[in-house]
Amino acid sequence: MKRNIVIAAVTAAALIGGGTATALATTGDDQGSARQAANTRLSDDDGRDDQDGADAQDDRDDDAARAASADVTASEAIASALKHTPGTAVSAELDDEDDSAKVIWKVDVLSGDNGWHSVRVDPSNGKVLGSQADDEDDTAQVRAALKGSSVTAEEAAKAAKAAAGKGTVTSVDLDEDGKNKSWEAETHKSGGAEQDWKIDLGTGKVTADRSDDQDDDSDDQD
């Protein structure tokens, strides 16, 4: 009914003002198109937000499943990797092997001759599955960050484990950027809750970062 009234009004205006009626008709179409485009964008944005939330939850579920499947701790995996490939452990991560369903520990080791090695460790028994040489371009930066450090990656993993209580350490990594260099660790609890930690390179003091769940809650409130 409203559409018929608008058409009638436009027709009457055409008889009186000629080009004015065309302008009015065009304006109405443009407004309708703009409203339709805006609604489409809002719908798409809502869809992306929902998808992002689902993806984040899937990632947390995957990480929790990995943590639950590991009998070998991060510190034990690092010790096993260093026994196989002597040097300095710079990171350790519990992750899928080449995007397969098999979960392994990946430990990055910087050897005395500045060579990088990625060592794969079985999370069920601590045996080394193999290693390969890697090319990294931040060797000097890593060496500088570790200079004078008294806390190793293995010790950082143990400290994070103690701070997390029942949580499982799923990664340890050297943060060599910025002014406050430190070890960073991530833990997962059986319920899927994640927590990030910073471990001082000199004292071993553990500081809790905001958990990922807290970040998600903050985003939802925004």
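Read from the N terminus, the elements of the protein chain come in the order α-α-α-β-β-β-β-α-α-β-β-β-β-α. Added up, that is 6 helices and 8 strands. The model is a predicted one, so everything below is computed from its atoms. The protein chain has 222 residues, and buried residues make up 32% of them. Then there is the matter of how far along the sequence the contacts reach. Among contacts between residues at least 6 apart in sequence, 44% join residues that are at least 24 apart.

A good place to start looking is helix α3, which covers residues 74-84. Its buried residues are Ala-74, Ser-75, Ala-77, Ile-78, Ser-80 and Ala-81. What do the buried residues of α3 pack against? The list takes in four strands, β1 (88-96), β2 (103-110), β3 (116-121) and β4 (128-134), along with helix α5 and strand β5.

Of these partners, helix α5 deserves a closer look. Helix α3 and helix α5 (residues 153-164) pack at an angle of about 165°, and their axes are 8 Å apart. Angles over 145 degrees count as roughly antiparallel, so α3 is roughly antiparallel to α5. The crossing of the two helices is left-handed. On the α3 side, the contact is made by Ala-74, Ser-75, Ile-78 and Ala-79, while α5 brings in Ala-153, Glu-154, Ala-157 and Lys-158. Sorted by character, the residues of this contact come out as 5 nonpolar, 1 polar and 2 charged.

Two residues from the α5 side of that contact, Glu-154 and Lys-158, also pair up with each other. Their side chains meet in a salt bridge, with 3.9 Å from N to O. The general idea is simple: side chains of opposite charge can pair when their charged atoms come close. Why are Glu-154 and Lys-158 about one helical turn apart? It is because they are 4 residues apart in helix α5. An α-helix has 3.6 residues a turn, so residues three or four places apart point the same way. As for surroundings, Glu-154 is partly exposed at 23% relative accessibility, and Lys-158 is partly exposed too, with a relative accessible area of 48%.

The count of salt bridges comes to 3, and the other pairs involve Lys-198. The side chain of Lys-198 meets that of Asp-175 in a salt bridge of 3.6 Å, N to O. Lys-198 lies in strand β7 (residues 194-200) and Asp-175 in strand β5 (residues 168-175), so this pair ties together parts that are 23 residues apart in sequence. Is Asp-175 buried or exposed? With 17% relative accessibility, Asp-175 counts as buried, whereas Lys-198 is partly exposed at 26%.

Lys-198 also forms a salt bridge with Glu-184, this time at 2.8 Å, N to O. Here the link is between distant parts of the chain, with Glu-184 in strand β6 (residues 182-188) and Lys-198 in strand β7, 14 residues apart. Glu-184 counts as partly exposed, at 30% relative accessibility. Put together, Asp-175, Glu-184 and Lys-198 are linked in a network of salt bridges.

Two threonines round off the picture. Thr-170 sits in strand β5, and it is buried, with a relative accessible area of 5%. How many residues separate Thr-170 and Leu-94 in sequence? The answer is 76, and yet their C-alpha atoms are 5.3 Å apart in space.

The other threonine, Thr-187, is found in strand β6. Thr-187 counts as buried because its relative accessibility is 2%, and the cut-off for buried is under 20%. Which residues touch Thr-187, once its neighbours within four places in sequence are left aside? They are Ala-160, Ala-164, Thr-168, Val-169, Ala-193, Glu-194, Gln-195 and Trp-197. Thr-187 and Trp-197 are 10 residues apart in sequence, and from C-alpha to C-alpha they are 8.1 Å apart in space.

Key. Residues numbered from 1 in each chain as written. Predicted model: local features only at pLDDT ≥ 70, side-chain atom pairs only at ≥ 80, totals over all residues. Heavy atoms only, no water. Axes fitted to C-alpha atoms, helices over the stretch in contact; angles between N-to-C directions. Parallel < 35°, antiparallel > 145°, perpendicular 65-115°, else oblique. Left-handed = near helix turned anticlockwise from the far one by under 90°. Contact = heavy atoms within 4.5 Å. Nonpolar A, V, L, I, M, F, W, Y, C, P; charged D, E, K, R; others polar. Salt bridge = Lys/Arg side-chain N within 4 Å of Asp/Glu carboxyl O. Buried < 20%, exposed > 50% of the residue type's maximum accessible area, 1.4 Å probe, protein only.
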